[in-house]
Amino acid sequence: MLLLTLNGTWKMKRTDESEWIDGLVPGSVYNDLLQAGKMEDPFFRDNEYDALELSKFDYEYTREFHVEQNVLDHDVVLLRCEGLDTLCELFLNGTSVLKADNMHRTYEIDIKSLIVPGQNVIHIVFQSATLYALEKEQEQHLSSCADAVPGISHIRKAHSMFGWDWGPQIPDTGIWRNINIVGYDIGRIDDVYVTQHHSDNKVNLDIKVDLQNWNDAELNLRAQLVSPDGKTYEQEIAVSGLGATLQLEIDDPHIWWPHNYGSHPLYALTVQLLRGGESVDDRSLNIGLRTMTIRQDKDTWGESFEFEVNGKKIFAMGANYVPEDNVFGRINYERTLKLIKSCVEANYNCIRVWGGGYYLDDYFYDLCDQYGLIVWQDHLYACGNYDFNEAFKESIRLETIDNMKRIRHHASLGLWSGNNELEYAWAYWGWGERYGEKLQNDYIKQFEEYLPELSKSLDPNTFYWRSSPSSTGYFDDPNNEHIGDMHYWDVWHGRKPITEFRTLYPRFMSEFGLQSFPSLKTVESFTLPEDRNIFSYVMESHQKNGTGNEKILYYISEYFKYPKNFDTLLFVSQLIQAEGMRVGIEHWRRNRGRCMGAIYWQLNDIWPVASWSSLDYFGRWKAGHYSAKRFFAPVLASACEEGTAVALHVTNETLNQVEGQLSWRLMNHRSEIIQSGERAVAIDDLSTQEVVSLDFAAELNTKQKLRQSYLEFDFVVDGQSVSGGTVQFVKAKHFDYVNPNITSRISETADSFIVELESQAFAKFVELDLQVADALWSDNIFDLSASSVKTVSVKKENLSEPLTLDAFKEQFTVRSLFDTYE
């Protein structure tokens, strides 16, 4: 049980300085230095390089705490450190009690003999992880991300803190999670593992409990499960030995489903260790009743790779998560809640926790449980090689045990993956020749043998995948599109056109994407006016992908006219990103069954930067995230065009048949109808179909007509438009847009602002914004025909600041692609 928390205000300083300042625990060194005015904002201009220099010093934290005699009366008194980042020595009343070297571990130290009634002193000294990595790299070269501080594979610390091709080299440190004193009498619960057995309208739970019993006392175990509607299930048994299994049977279970397939009910499970009816220790978990695995079945195209949830094969849709801030002391529940809500609003059902970060806080997985997001969880190895020596093996063994036991009960957990792109690198990047047989064999031992076996022993109920991407293992063409999952980067790194996505039929696409700049508001947060040129020193410092800015301009030049100023350049960069993701994901959804997942790179940013994210550092939605809301819609109408031929498809990613009307209109650039049609559609659950194949060769028989015509399509169910889009027959840069002269009417309800928009001609990529405040629009970056009225709303709770109707009108702006060039 918790006896005393050591969270709160400590004193901290650099070890070579004399002045102590306040330090907040949990928190981090950079956060404390920022709060005390001892460092500049590391994200402003090029301050990141000064922040890196600060990481080359050692830091120390100390505080006094008072202990009552009754604390010492417990049989066992432990200091529990849930997060020490990373290399540190911990002293208690002057005695060294711990030398830690793994950020991802939880440490427990028996301190009963070291603390005294009254005042006690705890003191933690953190060694520079940056200098350690550099020194180790001099002793032995281990590959890692080329954009990171060298040597990071030598240290068990979130790799991306040292830099990546989207993040700066700002490796924070400190006491980043809770630190408490806990006490136990007689015994304790070590572990609870729940196995579910599903049958017709019934779920049986096996609740395996491991425990300690220091005095061979007579103990009982009690399990209590409370359903979402308050119904209680219980069992109590006597304990013999150091473990037991309790069993509960649930009739009429509330089944957990991913987002957009059903609800996400959770049951509250409490396990108590009892002596004479009194609780000695307890453990509480929230669980969801569901079955989930990855199916891999031989088929016409190779071998499937698909999530199966409650017997239904689902198409996974989402993005890759990276840490939300380089300054770890600023990451909190509120920020993560906002991010998860943005995922749900954009129709995600899945999120991949990428292996270059860290095992996330409990509240992240709680939120994914509550909102129905399947978690693909990487183990924490990325783009590097590792010396699998005995000390390293023991460190990662304990790290894996700590985190798999902590996370595995979550309803949202769908998959454990061994690493990010390590097998890929050994197979395709020439690592065998560069790094030799020993490290290659170490990879096999660690990722093909040791971690799979360890993971199976800890969580046999959850599917384990050796690497991402992978096919059959052992470096056998791991990026094979016919087996396993796939990462594809020829669009972007290889500068292939975005239509190249349509040539691929991966079983599961777990990484792909294009870069864009963040919005002007975000750029203004880290620049001065003179910095606002994408090739300025500051803007290039906030682009970590080498020739990334050049690539953005390349893709803009392929599809759009040259933007007229800095602001419109930022905006148009987001359009190419959005279009690229749309083209790929709509294609893979049209091929549902063959392809069963599209997880783009990347969801979010670690700092304000040009990157592959669809949400920027401040959580602002880029064009790509608004596009995701449409291309991840449960019911999707999409088009596949080639020349003047267009095939219209409807994809149904729900558990019910959908009936509706698919209509289309061929129009000129002033939205005057040339030809129209419609087709009744009835589409089965979890399926896709081509509804109609059209060819407008006769109507579009001149270059001018091709440049002045577009197709609009719309799928209507029960009188409501659920999905639609447009097709142009030439690239946007060649289309003959005319000034749409968009007008707006803005009104107010009790909880929202309502914007009605009309145009006088076809408007491509209409963007709504507020000059100062941030807003989450019900739709944005959409196409608008002159023949329709578009209604968009903003909930007042989704504004960054309260606004009156007059203030909203004053700040409101609207533009389209037509306004981006001269």
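Helices and strands are here DSSP runs, numbered from the N terminus, with at least four residues for a helix and at least two for a strand. In this predicted model, the strand that carries the label β19 covers residues 278-287, and β19 gives the largest share of the lining of the second largest pocket, namely 8 residues.

**The second largest pocket**

The space within this pocket amounts to about 1600 Å³. Its lining is made up of 50 residues, and those nearest the centre of the pocket are Arg80, Glu82, Thr106, Asp362 and Arg406. Besides β19, the elements that each supply at least two residues of this lining are the strands β12 (179-184) and β13 (187-199) together with the helices α6 (362-371) and α7 (390-407).

**The largest cavity**

By the rule applied to enclosed space, the model holds 4 cavities of 30 Å³ or more, and the largest cavity has a volume of about 80 Å³. This cavity is lined by 14 residues, with Ser55, Ala129, Pro171, Asp172 and Thr173 the closest to its centre. Two or more residues of the lining come from each of the elements α1 (29-35) and α4 (129-139).

The composition of the two linings, sorted by residue class, is set out below.

| Lining | Nonpolar | Polar | Charged |
|---|---|---|---|
| Largest cavity | 7 residues | 5 residues | 2 residues |
| Second largest pocket | 18 residues | 14 residues | 18 residues |

**Domains**

The domain assignment divides the protein chain into domain 1 (2-183), domain 2 (186-288), domain 3 (299-518 + 584-608), domain 4 (633-736) and domain 5 (737-821), so that domain 3 is given as two segments of the chain. Taken over C-alpha atoms, the centres of domain 1 and domain 4 are separated by 56 Å.

**The surroundings of Glu448**

Helix α9, which spans residues 431-458, contains Glu448. Is this residue buried or exposed? Glu448 has a relative accessible area of 13%, and because buried means under 20% on this scale, Glu448 is classed as buried. A polar atom of the Glu448 side chain lies 2.8 Å from the backbone nitrogen of Tyr474, a separation that falls within the 3.5 Å cut-off for a polar contact. When the neighbours within four places in sequence are left aside, Glu448 is in contact with Glu423, Tyr443, Arg466, Gly473 and Tyr474, and Tyr474 is thus named both in this list and in the pairing of its backbone nitrogen with the Glu448 side chain.

Terms used:
Residues numbered from 1 in each chain as written. Predicted model: local features only at pLDDT ≥ 70, side-chain atom pairs only at ≥ 80, totals over all residues. Heavy atoms only, no water. Buried < 20%, exposed > 50% of the residue type's maximum accessible area, 1.4 Å probe, protein only. Polar contact = N/O pair within 3.5 Å; in protein donor to acceptor, adjacent residues only side chain to side chain. Contact = heavy atoms within 4.5 Å. 1 Å grid on protein atoms, 1.4 Å probe; cavity = no way out; pocket = protein on both sides within 12 Å on 5 of 7 lines; lining within 4 Å. Points joined across faces, edges and corners; volume = space filled by probe spheres on them. Nonpolar A, V, L, I, M, F, W, Y, C, P; charged D, E, K, R; others polar. Domains from an automatic or database assignment.
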